[in-house]
Amino acid sequence: MGARGDQWLADQWYRLEGQQWALQNAWFTTHLIHQAGKWASSVAALVAIVLCFHAWRSERAAGWRWPLLYLVLAVALGTGLVSLLKSLTNMDCPWDLTRYGGTRAFIGLFATRPPGMPRGVCFPGGHSSAGFAWISLYFFALMVRPAWRWRGLAVGLLAGGVFGISQQLRGAHFLSHDLWTLATCWSVSLALYLLVERIRVLERSAAPVRAQGDVA
């Protein structure tokens, strides 16, 4: 953002689309990737929630309880924090800017907006969070099957990357918007993983004590 790499990349997209956001309302960017992608992420989250409830009700699935609870919380907190930041940072989408056919001047992240200028709600990238939140699969796999961790990471990066690039092609976001979404989701996933692992360690260390008490 500070080195104007955002504008350089957006300029290339804008030029390739004929000095307009020709893909802003295209079927594959709007309906297939944006709407259907959001629904796919929501369905995946719902499946994780159902599995989590089952694990906490079934002794046979006890080993999956904390990993599934972690996954549900990581996805919810990652997307939720990005949504909160969008409401606080007050930045515009590329399609709002005069540089790209809009009506507003570019205002930096920490700059003061002129009085009466409408609020911007485009930073970080909201839609890409529906994909990047699933990088939590990396840590989920670490808890249940470490050999799958890179596959889990690839799922999150691929989904978030596709969602983010699609929005950039529509003029909805700059590259930095999606990179900050990735950083936010990764930070949430990592912090929550460290917390859950600490709880699991405490539970394991307390188990022998409870067992000895039962014998006594």
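A: Start with a definition: a residue is buried under 20% relative accessible area, exposed over 50%, and partly exposed in between. Keep it in mind as we read this model, which is predicted.

Q: Is Arg99 buried, partly exposed or exposed?
A: Take its percentage and place it between the two cut-offs. Arg99 has 41% relative accessibility, so Arg99 counts as partly exposed.

Q: Which residue does the side chain of Arg99 meet in a salt bridge?
A: The general idea comes first. Side chains of opposite charge can pair when their charged atoms come close. Here Arg99 pairs with Asp11, at 2.7 Å from N to O. Asp11 sits in helix α1, while Arg99 is in the loop between α3 and α4, so this salt bridge ties together parts that are 88 residues apart in sequence. Asp11 is also partly exposed, because its relative accessibility is 25%.

Q: How many salt bridges does a search of the whole structure find?
A: Five. One of them joins Arg65 and Glu59, at 3.3 Å from N to O. Check each partner separately. Arg65 is buried, because its relative accessible area is 15%. Glu59 is exposed, because its value is 64%.

Q: Where do Arg104 and Asp92 lie?
A: Their side chains form a salt bridge, at 2.5 Å from N to O. Both residues lie in the loop between α3 and α4, so the bridge ties together parts twelve residues apart in sequence. Both are buried. Next, look for shared partners. Asp92, Arg104 and Arg113 are joined into one network by salt bridges that share partners.

Q: How do α2 and α3 pack?
A: Read the angle, then the spacing. Helix α2 covers residues 27–57, and helix α3 covers residues 65–89. They pack at about 150 degrees, with their axes 9 Å apart. An angle over 145 degrees counts as roughly antiparallel, so α2 is roughly antiparallel to α3. The crossing of α2 past α3 is left-handed.

Q: Which residues form a nonpolar patch on the surface?
A: Look for nonpolar side chains with accessible area. Here they are Leu46, Ile49, Val50 and Phe53. Together they have about 400 Å² of accessible area. Take Phe53, which is placed in helix α2. Phe53 is exposed, because its relative accessibility is 57%.

Q: How far apart are Trp8 and Phe174 in sequence and in space?
A: Give both distances. Trp8 and Phe174 are 166 residues apart in sequence, and 9.8 Å apart in space, C-alpha to C-alpha. Trp8 belongs to helix α1, residues 5–16. Trp8 is exposed, because its relative accessible area is 55%.

Key
Residues are numbered from 1 along each chain as its sequence is written. This is a predicted model: local features need pLDDT of at least 70, side-chain atom pairs count only at pLDDT 80 or more; totals for chains, interfaces and linings use all residues. Side-chain values use heavy atoms; hydrogens and water are left out. Patches are made of residues with over 30% relative accessible area and no salt bridge: like charges are joined within 9 Å, nonpolar side chains (Val, Leu, Ile, Met, Phe, Trp, Tyr) within 5 Å. Accessible areas come from the Shrake-Rupley method with a 1.4 Å probe; for residues, only the protein chains shown count as cover. A salt bridge is a side-chain nitrogen of Lys or Arg within 4 Å of a carboxyl oxygen of Asp or Glu. Helices (H or I, at least four residues) and strands (E, at least two) are DSSP runs, numbered from the N terminus. Buried means under 20% relative accessible area, exposed over 50%, partly exposed in between (1.4 Å probe, protein chains only). Axes are lines fitted to C-alpha atoms, for helices over the stretch in contact, and angles run from 0 to 180 degrees between N-to-C directions. Angles under 35 degrees count as roughly parallel, over 145 as roughly antiparallel, 65 to 115 as roughly perpendicular and the rest as oblique. A crossing is left-handed if the near helix is turned anticlockwise from the far one by less than a right angle, and right-handed if clockwise.
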